[in-house]
Amino acid sequence: MSFQVIAGTFHIQGYSPDGDSIRFAANRADAWGVLAGRKASPNARGHVQLRLEAIDTLETHYAGHHQPLQYAEKAAHELFAALGMHNVVWDADHYEVTSADDNVPGFILARTTGAYGRPVSFALSADAGKALGLTDGEPHFLTADELAATANAELLNEGLAYPTFYTGLFHDLRERFAEQTRAARNAERGLWPSDRTNTGVTVDDLASITKDAVILPKLFRRLVDYLGTGGSIAGFTDYLANNPDRVMVLPQAHFTHLDNLIAVDGHSIRLTEKPENLVFSE
């Protein structure tokens, strides 16, 4: 199945972007209407928040908390560079971009929007899009070999993003991203030497997962939601069971819920499957 090609411009000035989401303005006012799902709604500046397909970078500001900023901030700058955005200046808190080479032309490939109306997208610089022969408003069948042209793949290759797959991602693209993930991990690129997702991380309180613990961002977000009111890790799997994330485990195509893939031993918590082996329900 093809993706819709949407040409436009990327924007970060005046926003708080991170490594897996960025604002985009389509060149055509009717561009968003062809995407399945909840309609994307541009803001007053004509910009729409994207959700980059298949990747999840460390959180810079989730519910007032962040993951280790060394990798979170590096992922954001890797995304900017991949899209041709340079000279980025942040405010004193490194929360908002105050100036940058903004309004940079590029392309996205998308079919659907997520639950919040964010187009689920592959992002490409103008040069990368032209090299693939992309034409605004036309469909494009994206092959696994062409993934290398996307900023999504760049972040995975550099070890600055975790693979986070959902059911809408085609299996050949997912398999190529999984290969790239394993290659980055084996080469110890980016965050992988510090990753504790599967080996286990000690969770005494919120501070223990914000300063040093490098773990899958989805797991981090669930921990923040659970620990936000205080308490211990002891009831975490019960919390997940009551707030289920349906997931398929590959290669067996076994359907279960996230709470069944979490092991808690005292204050230590770990995911029992590699992130690239999981496909979450939208």
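Two strands pair if DSSP finds at least two bridges between them. With that in hand, let's look at this predicted model. Strand 14 (residues 246-249) and strand 15 meet that test, pairing in the antiparallel sense over 4 bridges. The tour below starts with their sheet, moves to the loop joining them, and ends with an arginine and an asparagine.

**The sheet**
- Strands 14 and 15 belong to an open sheet of 4 strands, ordered 12-18-14-15, with mixed pairing.
- At the edges sit strand 12 (165-166) and strand 15 (254-257), each of which pairs on one side only.
- Across the pair, Val-247 stands opposite Thr-256 in strand 15.

**The loop between strand 14 and strand 15**
- Pro-251 lies in this loop, and the peptide bond leading to Pro-251 from Leu-250 is cis, with omega near 5°.
- Ala-253 is found in the loop too, and has a positive phi of about 55° although it is not a glycine.
- Ala-253 counts as partly exposed because its relative accessibility is 38%.

**A buried arginine**
- Arg-174 is part of helix 4 (residues 171-186).
- Arg-174 is buried but makes no salt bridge: the nearest side chain of opposite charge, Glu-175, is 4.6 Å away, and a salt bridge has to be within 4 Å.
- Setting aside neighbours within four places in sequence, Arg-174 is in contact with Phe-165, Leu-169, Leu-250 and Val-279.

**An exposed asparagine**
- Asn-87 sits in the loop between helix 1 (69-82) and strand 6 (89-90).
- Asn-87 has a positive phi of about 55° without being a glycine.
- With 58% relative accessibility, Asn-87 counts as exposed, because the cut-off for exposed is over 50%.

Methods. Residues numbered from 1 in each chain as written. Predicted model: local features only at pLDDT ≥ 70, side-chain atom pairs only at ≥ 80, totals over all residues. Heavy atoms only, no water. Helix = DSSP H or I, 4+ residues; strand = E, 2+ residues; numbered from the N terminus. Buried < 20%, exposed > 50% of the residue type's maximum accessible area, 1.4 Å probe, protein only. Lys, Arg positive; Asp, Glu negative; His and termini not counted. Contact = heavy atoms within 4.5 Å.
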